[in-house]
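Me: I am new to this structure and would like a close look at one part of it. Please choose a part where charged side chains can be followed one by one, and then set it within the rest of the chain.

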Amino acid sequence: MEAQFSYEGLYQLLEERNRQRPAGSYTTYLFEKGLDKILKKVGEESTEVIIAAKDQDRKETIYEIADLAYHVLVLMVDMGITLEDVKAELASRHVIDHKVKQEKMASDHDQ
Ligand SMILES: N=c1c2ncn([C@@H]3O[C@H](COP(=O)(O)OP(=O)(O)OP(=O)(O)O)[C@@H](O)[C@H]3O)c2ncn1[C@@H]1O[C@H](COP(=O)(O)O)[C@@H](O)[C@H]1O
């Protein structure tokens, strides 16, 4: 059976790792190393996504996107950026995009 997963649940676990810093945790290792190490991992994982996608390797691309998503979440926790912060940003763009489309449809209709 597939394990229950949510971004919110993983984010909370990473916050807990940051507060408690348990030994033997890879996330603890990243927080202890600090921002530069986390950024290096985000850069590496981004490159691996690009390479896998360029090879048209769907399975590998999914695997590397998951690695990237985890490291981006670690970066967010380190910087105190919440999932709500990112959702709010995406939501504001979504509304703008919707408005632009409506305006374009109205102007197309007038012509
Ligand atoms: N999703 C992940 C996840 N994805 C990738 N990784 C780790 O990221 C590392 C990436 O591998 P690399 O070969 O690039 O790096 P490395 O050589 O191991 O280490 P570096 O010295 O390069 O940093 C691996 O050690 C993976 O185990 C993750 N580690 C943890 N999680 C999640 O975070 C939770 C907490 O993990 P811990 O804090 O380790 O208990 C886990 O339950 C998972 O849900």
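Reply: A close look at helix H5

Lys87 and Glu84 both belong to helix H5 (residues 83-110), where they stand 3 residues apart, about one turn of the helix. Helices here are DSSP runs of type H or I with at least four residues, strands are E runs of at least two, and the numbering starts from the N terminus. Before going further, please keep in mind that this is a predicted model, in which local features need pLDDT of at least 70 and side-chain atom pairs count only at pLDDT 80 or more, while totals for chains, interfaces and linings use all residues. Residues are numbered from 1 along each chain as its sequence is written, and side-chain values use heavy atoms, with hydrogens and water left out.

The side chains of Lys87 and Glu84 meet in a salt bridge, at 3.7 Å from N to O; the term stands for a side-chain nitrogen of Lys or Arg within 4 Å of a carboxyl oxygen of Asp or Glu. In general, side chains of opposite charge can pair when their charged atoms come close. Lys87 has a relative accessibility of 39% and therefore counts as partly exposed, whereas Glu84, with a relative accessible area of 53%, is exposed. These words follow fixed cut-offs: buried is under 20% relative accessible area, exposed is over 50%, and partly exposed lies in between, with a 1.4 Å probe and protein chains only. The pair also has a further partner, since Glu8, Glu84 and Lys87 are linked in a network of salt bridges.

Further along helix H5, Arg93 and Glu89 lie 4 residues apart, again about one turn of the helix. Their side chains meet in a salt bridge of 3.2 Å, N to O. Arg93 is partly exposed, with a relative accessible area of 49%, and Glu89 is partly exposed too, at 41% relative accessibility.

What does helix H3 offer beside this? In helix H3, Lys40 and Glu44 both lie 4 residues apart, about one turn of the helix, and their side chains meet in a salt bridge of 3.6 Å, N to O. Glu44 has a relative accessible area of 29%, so this residue is partly exposed. By the rule given above, the count comes to 6 salt bridges.

Helix H3, which covers residues 35-54, also contributes to two patches on the surface. Patches are built from residues with over 30% relative accessible area and no salt bridge, where like charges are joined within 9 Å and the nonpolar side chains of Val, Leu, Ile, Met, Phe, Trp and Tyr within 5 Å. One of the patches is negative and gathers Glu48, Asp55, Asp57 and Glu60; for such charges, Lys and Arg count as positive and Asp and Glu as negative, with His and the chain ends not counted, and each charge is placed at NZ of Lys, CZ of Arg, CG of Asp or CD of Glu. Glu48, a residue of helix H3, is partly exposed, with a relative accessible area of 31%. A nonpolar patch is formed by Leu35, Leu39 and Met79, with about 260 Å² of accessible area together, an area that comes from the Shrake-Rupley method with a 1.4 Å probe, where for residues only the protein chains shown count as cover. Leu39, found in helix H3, is partly exposed at a relative accessible area of 39%.

Between the helices, two loop residues deserve a word. Arg21, in the loop between helix H1 (7-20) and helix H2 (26-33), has a phi near 45°, a positive value in a residue other than glycine. Gln56, in the loop between H3 and helix H4 (58-79), likewise has a positive phi, of about 60°, although it is not a glycine.

Seen as a whole, the protein chain has 5 helices and 0 strands. Its radius of gyration is 19 Å, well over the 13 Å that the globule rule gives for 111 residues, so the chain is more spread out than a compact globule; that radius is taken over C-alpha atoms, and the rule is 2.2 Å times the number of residues to the power 0.38. The C-alpha atoms fill a box of roughly 65 × 35 × 35 Å along the principal axes, and buried residues make up 23% of the 111 residues.
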